[in-house]
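Visitor: Please pick out one helix in this structure and take me through it closely. I would like to know what surrounds it and how that fits with the rest of the fold.

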Amino acid sequence: MKAERRAFLVGSSHAILFGSALASAAAQSVAADDSMAPPLPRGGTSHFAQLNGVKLHYVSVGSGPTVILLHGWPQTWFAWRGTMERLSSRFRCVALDLRGLGLSERTPAGYDKQTIAADVAALIDHVADGRAHVVGHDMGGKAAFVLAHLQPRKVEKLVLVDCLVPGTENMDARRGGAWHYGFHMAPEIPETLTRGREREYIAAQIRAWSHRKDAVTEAAISEFARHYASAGGMTAGFAYYRALRDDAARVESFGGRKLEMPVLAIAGRYGVGTKLADALGPRAPNLTAVIAEDSGHFVAEEAPDFFCAQIERFLAA
């Protein structure tokens, strides 16, 4: 039995039971369609650009110093809509649909965080003349971390939101790790078990990772799901997980390299907690770390006032 297959069977046995439970739910998958486009932030505009060899979609609003916003799984740019409206009076907010997700082009490869970092670097050149603040959550945070190491001159200030530094994730469910790593990384299995049930699966994951269970709205979940449920959407999302071993090796190659720009770590008490700051401490001499006490993984939605106040204070300092 191949090691990858064995790891899946051990590390995600609960996932199979969960998938079976989902089978009894009614399928509510919806296809991505421009006619169903969500409302933009007030004053916002939607754009496409060919960058780093891929067609990327982003939404922009506001004026002032540019802030690049990078979402995670299972979300799209729309995760930042509320944040953009709050910050746009002082900053130009640019929220990217990561490669393969939302309205950005789906490619057969390129979901390792070094490639995603190159996408973001090209976006910074395109919208901000080569330098911007970068805010990344979840998978977007991993890409932002890699970008800050590989192209530090492009990152004026770095904000990492409830994510784990590549290589520090506990993927072993036998030793307290999260089962979804093995499930999402297994080839083809997660697509098979979530097909036709994409919205239910995404909703269940978001609720499980939230402390405030109603913070990410049903409308937002439907917006995310309509993209992931379209052809190739779930595979693109799972590809971010399937690249994690390569991401860990890439970060290990950085050795003792330091992040010289100011870094803010924002985590939910019921999300990654202190793990993010603990991992960043030896790497970021100019680190500020805060905890959203009443939040899980989705800090921007679960504690929006706290989140935006921390971002604004840090970036304006």
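Guide: Helices here are DSSP runs of H or I with at least four residues, strands are runs of E with at least two, and both are numbered from the N terminus. By that count, the protein has 14 helices and eight strands. The model is a predicted one. Of its 317 residues, 55% count as buried. Among contacts between residues at least 6 apart in sequence, 74% join residues at least 24 apart.

The helix to look at is H9, residues 218–228. Eight of its eleven residues are buried, so H9 is largely enclosed by the rest of the structure. Buried here means under 20% relative accessible area. The buried residues are Ala220 and Ile221, followed by Glu223, Phe224, Ala225, Arg226, His227 and Tyr228. They pack against two helices, H8 and H10 (233–242).

The contact with H8 can be described in more detail. H8 covers residues 198–209, and its axis lies 9 Å from that of H9, at an angle of about 130 degrees. Angles between 115 and 145 degrees fall in the oblique class, which makes H8 oblique to H9. The crossing is right-handed. From H8, the contact is made by Glu198, Arg199, Ile202, Ala203, Ile206 and Arg207, and from H9 by Glu218, Ile221, Ser222, Phe224, Ala225 and Tyr228. By class, these residues are seven nonpolar, one polar and four charged. An α-helix has 3.6 residues a turn, so residues three or four places apart point the same way. Ile221, Phe224, Ala225 and Tyr228 are among the residues that H9 gives to this contact, and these four are also buried.

Another helix pair serves for comparison. The axes of H5 (residues 139–150) and H11 (residues 244–252) come within 11 Å and cross at roughly 30 degrees. That makes H5 roughly parallel to H11, and H5 passes H11 in a left-handed crossing. Met139, Lys142, Phe145, Val146 and Leu150 of H5 meet Leu244, Arg250 and Val251 of H11. This contact divides into six nonpolar, no polar and two charged residues.

Beyond these helix pairs, the largest nonpolar core has 99 residues, and Ile68, Met84, Val134, Val135, Leu158, Val159 and Phe307 touch the most other members. H4 (residues 113–128) gives the most to this core, with nine residues. Leaving out residues up to four places away in sequence, Phe307 touches Trp80, Thr83, Val135, Val161, Ile266, Val299 and Ala300.

Methods
Residues numbered from 1 in each chain as written. Predicted model: local features only at pLDDT ≥ 70, side-chain atom pairs only at ≥ 80, totals over all residues. Heavy atoms only, no water. Axes fitted to C-alpha atoms, helices over the stretch in contact; angles between N-to-C directions. Parallel < 35°, antiparallel > 145°, perpendicular 65-115°, else oblique. Left-handed = near helix turned anticlockwise from the far one by under 90°. Contact = heavy atoms within 4.5 Å. Nonpolar A, V, L, I, M, F, W, Y, C, P; charged D, E, K, R; others polar. Core = buried A, V, L, I, M, F, W, Y, C linked by side-chain atoms within 4.5 Å. Buried < 20%, exposed > 50% of the residue type's maximum accessible area, 1.4 Å probe, protein only.
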